[in-house]
Amino acid sequence: MKSSLLAAAASAVATLFILATTMGVAPIAVAADAPAAAPAAAPAKPATPAAPKRAAAPAEPAVAVVNGVPISRTVFEYYVKGSTGKNLADLPANAKNELLDNMIRGEVLSQQAVKDGLDKTPELQSQLSLTRLQVLGEAEAKNYLKDKAPTDAQLRAEYDSAISAMPKTEYHARHILVASQADAQQIIDQLKGGASFEELAKTKSTDSSKDQGGDLGWFAATTMVKPFADAVVGLKKGETTQTPVQTPFGWHVIQLLDTREQTPPQFDAVKQRVEQLVQQKKVRAYQEELVKTATIKKNL
């Protein structure tokens, strides 16, 4: 397992291929005899539809009425789908009842929050505003992309661009991390005197890699903080840094064990992620177009 140092900067591969998960509710499996999970937040009350001009539409059936407030079937079905990944009709009766009880509990809790005046607090009003912005923004992004599926040519171009930006070399190194420059220099002197790097790492290093003798495994230089990466790239196979290397984590003594050429992922293996990246860029370009035509005043 690599040390916390590896998490200090994102690799080019991660930047280009590992995308954020679409915001939303993750499906949860609901067994026929298992209770459903409680909702993360109280469900929103459905807006009352405007009365049509010609004839009044029949009221939407409610699955429950809580203190006079109806929980509509549409909202309940949406909640069920988001919580379980299944349609309401596909669930056993006990699971339906558990989910409905969850919504009822959420409804009474939200009603009490309103009675207590919490919906008037600046913090909660801000949270509600941001939630509205997020939901509407997601909806518009999906609407914009619905007829803009990436072509094979676009996907290939994005893939080729990502591959060309990938680091070509991976490094296998180990290190000893200590709190001071003097401690690091002392370790370098001991290594010059024939001491074992692995044993010194186990006894002196403050990094979690000490249990592996300081071994960090294979990594791209871009996954390391810059001073560490620069030191590694400047070493030859088998060499150890002759002066302590400082990073935000402390002082390092680094030894390069080996290098190898990095093999890029095949197109088919990352096609779905590339498609997501292309769509993400399309949405970003659409956002920029909207910003250009919007009337904006900043008052920071």
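D147 counts as exposed, with a relative accessibility of 60%. The model is predicted. The exercises below start from this residue.

**Exercise 1. Find the salt-bridge partner of D147 and say how exposed that partner is.**

Step 1. D147 forms a salt bridge with K148. The closest N and O atoms are 3.2 Å apart.
Step 2. The cut-off for a salt bridge is 4 Å between such atoms. The pair therefore qualifies, at 3.2 Å.
Step 3. K148 has 25% relative accessibility, so K148 counts as partly exposed. D147, at 60%, counts as exposed.

**Exercise 2. State which residue meets D119 in a salt bridge, and classify that residue as buried or exposed.**

Step 1. The side chain of D119 meets that of K120. The N to O distance is 3.1 Å.
Step 2. K120 has 57% relative accessibility. Exposed means over 50%, so K120 counts as exposed.

**Exercise 3. Work out how R284 and E288 are placed in helix α9, and how their side chains interact.**

Step 1. R284 and E288 are four residues apart in helix α9. They are therefore separated by about one helical turn.
Step 2. Their side chains meet in a salt bridge, at 3.1 Å from N to O.
Step 3. E288 is partly exposed, with a relative accessible area of 35%.
Step 4. Now take the whole structure. A search finds eight salt bridges.

**Exercise 4. Describe how helix α4 and helix α9 cross, and which residues make the contact.**

Step 1. Locate the helices. α4 covers residues 122–145, and α9 covers residues 267–293.
Step 2. Their axes come within 10 Å and cross at roughly 110°.
Step 3. Angles from 65 to 115 degrees count as roughly perpendicular. So α4 is roughly perpendicular to α9.
Step 4. On α4, the contact is made by E140, A141, Y144 and L145. On α9, it is made by Q279, K282, V283 and Y286.
Step 5. Sort the contact by class. It has five nonpolar, one polar and two charged residues.

**Exercise 5. Locate S205, decide whether it is buried or exposed, and list what it touches.**

Step 1. S205 lies in the loop between α7 (197–204) and β4 (215–220).
Step 2. S205 has 4% relative accessibility. Buried means under 20%, so S205 counts as buried.
Step 3. The side chain of S205 reaches the backbone nitrogen of L177 at 3.1 Å.
Step 4. Set aside neighbours within four places in sequence. S205 is then in contact with H175, I176, L177, L200 and K210.

Notes:
Residues numbered from 1 in each chain as written. Predicted model: local features only at pLDDT ≥ 70, side-chain atom pairs only at ≥ 80, totals over all residues. Heavy atoms only, no water. Axes fitted to C-alpha atoms, helices over the stretch in contact; angles between N-to-C directions. Helix = DSSP H or I, 4+ residues; strand = E, 2+ residues; numbered from the N terminus. Parallel < 35°, antiparallel > 145°, perpendicular 65-115°, else oblique. Contact = heavy atoms within 4.5 Å. Nonpolar A, V, L, I, M, F, W, Y, C, P; charged D, E, K, R; others polar. Buried < 20%, exposed > 50% of the residue type's maximum accessible area, 1.4 Å probe, protein only. Polar contact = N/O pair within 3.5 Å; in protein donor to acceptor, adjacent residues only side chain to side chain.
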